[in-house]
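Me: I'd like to learn how to read the features of this structure, starting with packing. Could you walk me through it?

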Amino acid sequence: MVVFALRRLLSSIPTLLIVTVIVFALVKLLPGDPARLILGQEATPQALAELRRSLGLDRSLLQQYLSWLAGAVRLDFGTSLTDNSSVSKLIAQKLPVTLELSLFAMLISLLISLPAGILSAVRRNTWVDRVLTLLALSGISLPNFFLGILLIYLFSIRLAWIPASGYTSLLENPGRNLLLLLLPAVTLGIGSAAVLTRYLRSSLSETLNQDYVRTAHAKGLMARQVISKHALKNALIPFLTAFGLQLGGLLGGAVITEQIFSIPGFGRLLVDAVFTRDLPVIQGVVLVSAVAVFLVSFLVDLSYAAVDPRIRYH
Amino acid sequence: MRKLPLTRSLILLGLSLSCAASAQTLTVGLDADPPRLDPALSTALVDRQVMNQIFDKLVDLDADLKVIPALAASWKVTNGGLTYTFKLRSGVKFSDGTPLDAAAVKYGLDRNRTLEGSARKNEMTSIKEVKVVDAQTVQLTLSQPYGPLLAVLTDRAGMIVSPTAAKKAGADFQNNPVGSGPFTFVSRVRQDNITLNANKTYWGGAPKIDKLVYRPFPDGDVRYANLLSGAVQAITPIDPKDISKLEQNAKFNVLNYPGIGFQGVWFNVTRAPFNNKNLRQAVAATIDREAIAKSIFYGTVTPAAGPFPPGTAAASSAIKVQKPDIAAAKKKLGGKPLSFTLLTTPGSVTTQLAQVYQAMFAQAGITAKIEQVEFGTLLDRADKQDYDALMLGWSGRPDPDGNIYDFFVTNGTNNQAGYSNKTVDSLLAKARAQNAMSARVATYNIALSTIISDTPYTWVYFQRNLVASVKGMTGLKPIPDGILRFKDVDLK
């Protein structure tokens with residue numbers, strides 16, 4: 001298992017390198033010159049040339065990439081082209097926000113999808129299943145920006161229970177932190193719960209048709225035991241995979257939701273950086289997101305063994 | 001501040017203390033996160049909202065766009081407009097305790113006009129030397145007379161930074177700005193907030209509120225929702241569609257006052273089809289400016305006849321808003337088909353506007369294809385003159401020069417059309433060198449009649465400043481430059 005873990009970790013390095021090359025190339029392919037965006041509409045050609053030189057944009061692409069890479073291995077992602085602040089510091093500021101929001105959203109998603117998925121599978125093709133299916137499909141098709149605004153309207157304007165936006169760190173004021181993150185987490189959690197419910201329903205339905213489940217029933221086990229001890233464990237693997245993908249997606253920054261609730265997370269940092277062609281910030285954020293996604297899928301792989309003892313790593 | 005969370009259930013208990021303690025905090029919702037809080041480096045309009053509270057300027061503007069004293073208590077223009085002598089207020093200190101004297105003003109002005117990457121160089125290029133005469137007197141010598149100078153100094157170019165703080169922070173000054181303004185910088189979290197405290201020892205008297213917080217909400221609906229929910233006490237701008245709802249809401253005040261900028265369409269005169277003046281005029285003649293103001297902007301903009309909005313010095317009643325005239329447009333086309341690409345940025349208003357233009361052009365048989373690219377690309381394509389027509393406006397400057405010179409002078413920094421006309425060049429240069437505003441205005445309007453007839457640009461509407469605030473907020477003066485000055489603002 002340890003060997004497997006180490007091998008997986010090492011094999012991720014080339015993948016991450018390729019990610020950085022692709023991102024670097026993509027940003028460079030984008031039209032729009034960072035110096036022009038910084039200096040704006042009224043910039044003179046001399047000022048533009050001067051700024052390009054001081055930002056190092058006049059060097060060759062390879063030089064720019066290599067000097068970035070040399071810094072990145074030391075966790076120094078350079079400084080933002082916009083305001084000269086350290087990219088590592090910006091990431092350190094935003095990552096905990098997005099991390100907390102993602103975990104909170106996935107917790108809500110689990111609280112909804114586990115019971116809903118099991119109920120749907122056990123009572124499949126009854127009215128309970130149909131209602132849950134309808135809700136799940138609505139959840140999948142409801143866009144985040146609409147659900148977010150709806151929640152703000154209901155809970156912040158009509159009922160005035162929860163502030164419409166803002167962020168306080170968990171260490172500063174845990175109560176307020178959770179309160180402020182509740183609506184965005186619900187917004188994200190509902191969408192992901194809808195997807196996970198469908199996954200769990202289909203994999204559990206399939207498992208419930210297996211011979212060993214019939215045998216368990218025949219042995220005289222209670223339905224509850226059959227489902228939790230025998231069927232659910234086997235049905236969880238596809239569910240875990242989907243869970244990992246959802247969590248990974250959120251860690252890359254929930255751009256729209258962060259925008260609606262004014263959460264200063266990864267997504268907004270990235271969007272602002274893309275609009276100003278702030279390459280060092282884009283590179284740093286994408287690399288860290290890629291690492292996060294990799295770590296999540298790595299942990300999901302390891303968790304398969306815990307769920308299904310037949311799985312062994314070599 | 002807001003009462004709502006105070007009365008609510010247990011989970012909100014923790015909140016009540018922090019709210020009660022910040023009773024005099026005013027939170028303002030802006031449409032973007034101000035990128036750079038350094039008077040030399042700033043290029044975004046929204047930077048000025050925050051910097052105006054942190055920094056004092058040599059001179060300021062009043063509601064009629066007249067230049068009024070600020071750090072300079074008085075000034076004299078001599079030597080045929082080549083020498084500007086400013087007498088400074090005495091006893092002014094930066095918020096770091098260092099004195100704001102003539103040496104500091106010299107440092108600030110020199111920094112703005114020479115710092116590497118400074119965006120002020122263009123507007124300060126006429127300044128040859130800044131001289132300290134005595135501790136309270138600064139003298140600016142110009143290389144040529146430059147009528148707009150005072151107006152330029154009411155904006156970022158005239159903001160004076162603390163030399164001690166600027167030297168110490170270097171390139172990081174924008175993240176730790178220190179000035180002498182009515183508020184002092186406390187902290188910023190990118191994409192979340194910028195927090196300022198009242199400067200209790202401000203030379204013009206301490207502000208009435210204790211704390212001023214700016215928060216960015218790029219989406220208009222979100223900005224509006226935050227105002228309704230009490231998370232912020234004021235927002236600017238307001239989406240035009242929300243104006244009437246806010247005006248009918250007894251809890252809020254709406255300020256709707258003229259701005260100094262303009263919006264319209266550029267024609268690329270360096271290549272076909274718009275190197276043909278008749279075709280430019282034909283397109284301009286199809287636009288129904290009144291209808292656009294009504295249908296897209298709910299009357300929150302004013303149809304435009306030229307670059308000078310009503311109420312500004314150079315606005316002339318002799319130049320009338322062009323009425324749509326499809327017959328005239330068809331005649332200009334001479335029976336030949338015209339099709340071109342209209343370049344614009346994405347966004348609900350620009351998209352709608354582009355589609356309305358498209359429909360208006362079509363009435364004269366003109367086919368326009370809409371191409372949407374984001375702002376950086378638009379500027380890039382404009383620089384390279386790689387477009388047929390493009391939608392781009394200007395936030396405006398208090399002096400008429402700032403709304404015309406760089407747009408139409410040959411090779412001007414904002415001359416996206418590639419337009420060049422010797423008569424216009426010499427008139428615009430002549431106006432700059434004139435000192436009496438009345439003489440300058442006359443010259444601008446002569447130049448403008450040629451520009452309108454050449455039509456490298458067609459003006460469509462003037463933006464207005466739209467601010468919404470809670471009823472309890474008082475003391476905000478409507479200054480046309482759109483910058484909200486919070487020194488005298490109170491919150492009850």
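Reply: Sure. Start with contacts: two residues are in contact if their C-beta atoms, placed from the backbone, lie within 7 Å. Keep in mind that this is a predicted model.

Me: With that in hand, what does Leu101(A) touch, not counting residues up to four places away in sequence?

Reply: Leaving out residues up to four places away in sequence, Leu101(A) touches Leu181(A), Pro184(A), Ala185(A), Ala254(A), Ile263(A) and Gly265(A). Leu101(A) itself sits in helix H5 of chain A. You can also look at distances in space against sequence: Leu101(A) and Leu178(A) are 77 residues apart along the sequence, and their C-alpha atoms are 9.3 Å apart.

Me: Does Leu101(A) count as buried or exposed?

Reply: Here you need one cut-off: 20 or more other C-beta atoms within 10 Å makes a residue buried. Leu101(A) counts as buried because it has 26 C-beta neighbours inside 10 Å.

Me: Which residues have the most contacts inside the largest nonpolar core?

Reply: Leu101(A) is one of them, along with Val285(A), Ile160(B) and Ala468(B), and that core has 150 residues. H8(A) provides the largest share of this core, 15 residues. There is also a second, separate core of 61 residues, which includes Leu279(B), Tyr357(B), Ile404(B) and Val424(B).

Me: How should I describe a pair of packed helices?

Reply: Two packed helices are described by the angle between their axes and the distance between the axes. Take H5 (residues 87–122) and H8 (residues 174–208) of chain A: their axes come within 6 Å and cross at roughly 35°. H5(A) passes H8(A) in a right-handed crossing. In the contact of H5(A) with H8(A), the residues divide into 19 nonpolar, eight polar and two charged.

Me: What about chain A overall: how many helices and strands are there?

Reply: Chain A has 13 helices and zero strands. Its C-alpha atoms fill a box of roughly 85 × 55 × 35 Å along the principal axes. Of the 314 residues of chain A, 39% count as buried. For a feel of how the sequence folds back on itself, look at the contacts in chain A with a separation of 6 or more: 72% of them join residues 24 or more positions apart.

Me: Now the interface. How many residues of chain A are in contact with chain B?

Reply: The size of an interface is often given as the accessible area lost when the parts come together. Here we can count residues instead: 47 residues of chain A are in contact with 43 residues of chain B. On the side of chain A that touches chain B, H7(A) gives the most, with five residues. By class, that side of chain A has 22 nonpolar, 16 polar and nine charged residues.

Me: Where in chain B could I see a helix that is mostly covered?

Reply: Try helix H6 (residues 220–229) of chain B, where eight of the ten residues are buried. Among them are Arg223(B), Tyr224(B) and Asn226(B). The cover over the buried residues of H6(B) includes H7 and H11 of chain A, together with strands S1 (25–30), S11 (234–235) and S18 (457–470) of chain B. Just after H6(B), Gly230(B) takes a positive phi of about 90°.

Me: Which residues other than glycine have a positive phi?

Reply: Two to look at are Leu75(A), with phi near 65°, and Ala160(A), with phi near 55°. Leu75(A) is in the loop between helix H4 (61–72) and H5 of chain A, and it counts as exposed because it has 12 C-beta neighbours inside 10 Å. Ala160(A) is in the loop between H7 and H8 of chain A; with 18 other C-beta atoms within 10 Å, Ala160(A) is partly exposed.

Me: And where should I look for cis peptide bonds?

Reply: Check the bonds leading into prolines. The bond from Thr236(B) to Pro237(B) is cis, with omega near -10°, and Pro237(B) lies in the loop between S11 and helix H7 (243–248) of chain B. The bond from Ala272(B) to Pro273(B) is cis too, with omega near 0°. Pro273(B) lies in the loop between strand S13 (263–267) and helix H8 (277–286) of chain B.

Me: What does UniProt list for residues 66–414 of chain B?

Reply: An unreviewed UniProt entry lists that span as "domain: Solute-binding protein family". In the model, the end C-alpha atoms of residues 66–414 of chain B lie 25 Å apart, and the span is 28% helix and 24% strand.

Terms used
Residues are numbered from 1 along each chain as its sequence is written. Chains are lettered from A and ligands numbered from 1 in the order in which they are written. This is a predicted model: local features need pLDDT of at least 70, side-chain atom pairs count only at pLDDT 80 or more; totals for chains, interfaces and linings use all residues. Axes are lines fitted to C-alpha atoms, for helices over the stretch in contact, and angles run from 0 to 180 degrees between N-to-C directions. Helices (H or I, at least four residues) and strands (E, at least two) are DSSP runs, numbered from the N terminus. A crossing is left-handed if the near helix is turned anticlockwise from the far one by less than a right angle, and right-handed if clockwise. Ala, Val, Leu, Ile, Met, Phe, Trp, Tyr, Cys and Pro count as nonpolar, Asp, Glu, Lys and Arg as charged, and the others, Gly among them, as polar. A nonpolar core is a set of buried Ala, Val, Leu, Ile, Met, Phe, Trp, Tyr and Cys residues joined through C-beta atoms within 7 Å. UniProt positions are given in the numbering used here, feature names are shortened, and annotations may be inferred rather than shown by experiment.
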